[in-house]
Amino acid sequence: LAANNHAYVHGGYFPWRRELLSAGIELYEARADAAISRVTGAPAHLTMHTKGAVIDRAEVLVSSMNLDPRSIELNTEIGLFIDSPELGAQFAEAVTSDLPDFAYAVALDPEGRIIWREGTGPEATLHRSEPGAGIFARLTALLTALLPVKSQL
């Protein structure tokens, strides 16, 4: 949520986390505090904007289009779906090699509660609520999740 510059859009996403994780999907969320500009070396606020996915390390989606009903119906942007195990493996390796530095690993704990893991190994920090998100952003996302506005997100 802290890396999302539109808390109301997050309200359309977060109710699906548990179902995604229960289906065996590996889920990572950008850490807003983790970015360092690769050009200047200066700290930068990281926001979630990439539209890319790797499915089973064999298929790749790269898109300029937001993956939501409103964008699908109204935008003229496009997405490229590539069926290539070689490219899928390369893309997955490129992304996952830096994930611990830039993203939380989202998982379910043994009681089925959502947790965010920051880092790896014994030094990893576990968060039990949206890391770095303020109360206003949390309330905005929650209110949006309760309203019948999914088609507008």
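R57 counts as partly exposed because its relative accessibility is 44%, where partly exposed lies between buried (under 20% relative accessible area) and exposed (over 50%), with a 1.4 Å probe and protein chains only. The model is predicted, so local features need pLDDT of at least 70 and side-chain atom pairs count only at pLDDT 80 or more, while totals for chains, interfaces and linings use all residues. Residues are numbered from 1 along each chain as its sequence is written, and side-chain values use heavy atoms, with hydrogens and water left out.

R57 lies in the loop between β2 and β3, and its phi is near 55°, a positive value in a residue other than glycine. D56 is also placed in the loop between β2 and β3. The phi of D56 is positive as well, at about 55°, although D56 is not a glycine. Most residues other than glycine have a negative phi. D56 counts as exposed because its relative accessibility is 73%.

The strands on either side of this loop belong to an open sheet of three strands, in the order β2-β3-β4 and with antiparallel pairing. Its edge strands are β2 (51–55) and β4 (79–83), each of which pairs on one side only. From one strand to the next, the twist averages 10°. Strands here are DSSP runs of E of at least two residues, and helices are runs of H or I of at least four, numbered from the N terminus; two strands pair if DSSP finds at least two bridges between them. Between β2 and β3 (residues 59–63), which run antiparallel, there are five bridges. I55 stands opposite E59 in β3.

Helix α4 (residues 85–96) lies across β2, β3 and β4 and runs at about 65° to β3. Contact means heavy atoms within 4.5 Å. Axes are lines fitted to C-alpha atoms, for helices over the stretch in contact, and angles run from 0 to 180 degrees between N-to-C directions.

The second largest pocket has a volume of about 160 Å³. A pocket is an open set of points on a 1 Å grid over the protein atoms alone, where a 1.4 Å probe fits, with protein on both sides within 12 Å along at least five of seven lines; lining residues have an atom within 4 Å of a point. The volume is the space filled by probe spheres set on the points, which are joined across faces, edges and corners. Among the residues lining this pocket are F14, R17, E130 and L142. Helix α6 (residues 135–146) gives the most to the lining, with four residues.
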